[in-house]
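Reader: I would like a close look at a single part of this model, taken slowly and with the reasoning spelled out. Please start from the aromatic residues and work outward to whatever surrounds them.

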Amino acid sequence: MNEYRYEELREAAIKNPTDENLAALGEWLQQYGDRYWNGEEWDIDGGRRLRPVYGQEPDEYGNFPLVGYDLL
């Protein structure tokens, strides 16, 4: 994961919001995007937000697994 790929990943997710493009942007934001996080979702500029989606059943540690991302 390259710290300088944000613009490229954001553009790909907005133009073609496939699961793969959203996941790539979500992974980047999890690693480098603390300043974009508001507690529920990331503000990815232009009024758009990326929200993580979690599963309904907790794992053995009580955490809910990440199953994808929604572009809002």
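**The aromatic cluster and its helix**

Author: In this predicted model, ring pairs link Tyr6, Trp28, Tyr32 and Tyr36 into a cluster. A search of the whole structure finds six aromatic pairs, and two of them, Tyr6 with Tyr36 and Trp28 with Tyr36, are taken up here. A pair of aromatic rings is described by the distance of the centres and the angle of the planes.

For Tyr6 and Tyr36, the ring centres are 5.2 Å apart and the planes stand at 10°, which is under the 30 degrees that sets the limit for stacking, so this pair counts as stacked. Because Tyr6 belongs to helix 1 while Tyr36 sits in the loop between helix 2 and strand 1, the pair ties together parts that are 30 residues apart in sequence. Both partners, Tyr6 and Tyr36, are buried; for Tyr36 the relative accessible area is 15%, and the residue is classed as buried because the limit is under 20%. Tyr36 also forms an aromatic pair with Trp28, and this one is tilted, with 6.5 Å from centre to centre and 45° between the planes. Trp28 has a relative accessible area of 3% and is therefore buried as well.

From Tyr6 the view can be widened to the helix that carries this residue. Helix 1 covers residues 6-15, and its buried residues are Tyr6, Leu9, Arg10 and Ala13. Looking down the axis of helix 1, one finds these buried residues within an arc of 100°, so they line one face of the helix. The spacing follows a general rule: an α-helix has 3.6 residues a turn, so residues three or four places apart point the same way. As for what this face meets, the buried residues of helix 1 pack against helix 2 (19-32), strand 1 (42-43) and strand 3 (66-71).

The contact with helix 2 can be described in detail. On the side of helix 1, the residues involved are Tyr6, Leu9, Arg10, Ala12 and Ala13, and they meet Asn21, Leu22, Ala24, Leu25, Trp28 and Leu29 of helix 2. By class, this contact of helix 1 with helix 2 comprises nine nonpolar residues, one polar and one charged. Tyr6 and Trp28, both named in the ring cluster, thus appear again in the list of residues through which the two helices meet. As to geometry, helix 1 and helix 2 pack at an angle of about 145°, their axes being 8 Å apart, and the crossing is left-handed.

Some residues outside the cluster may serve as a contrast. Asp19 also lies in helix 2, yet this residue is exposed, with a relative accessible area of 62%; its C-alpha is 25 Å in space from that of Gly62, and the two are 43 residues apart in sequence. Gln56, in the loop between strand 2 (49-54) and strand 3, is likewise exposed, with a relative accessible area of 70%. Asp45, found in the loop between strand 1 and strand 2, is partly exposed, at 33% relative accessible area. Most residues other than glycine have a negative phi, whereas the phi of Asp45 is near 85°, a positive value in a residue that is not glycine.

How values were computed: Residues numbered from 1 in each chain as written. Predicted model: local features only at pLDDT ≥ 70, side-chain atom pairs only at ≥ 80, totals over all residues. Heavy atoms only, no water. Buried < 20%, exposed > 50% of the residue type's maximum accessible area, 1.4 Å probe, protein only. Helix = DSSP H or I, 4+ residues; strand = E, 2+ residues; numbered from the N terminus. Arc of directions from axis to C-beta. Contact = heavy atoms within 4.5 Å. Axes fitted to C-alpha atoms, helices over the stretch in contact; angles between N-to-C directions. Left-handed = near helix turned anticlockwise from the far one by under 90°. Nonpolar A, V, L, I, M, F, W, Y, C, P; charged D, E, K, R; others polar. Phe/Tyr/Trp six-rings, centres within 6.5 Å; stacked < 30°, edge-to-face > 60°.
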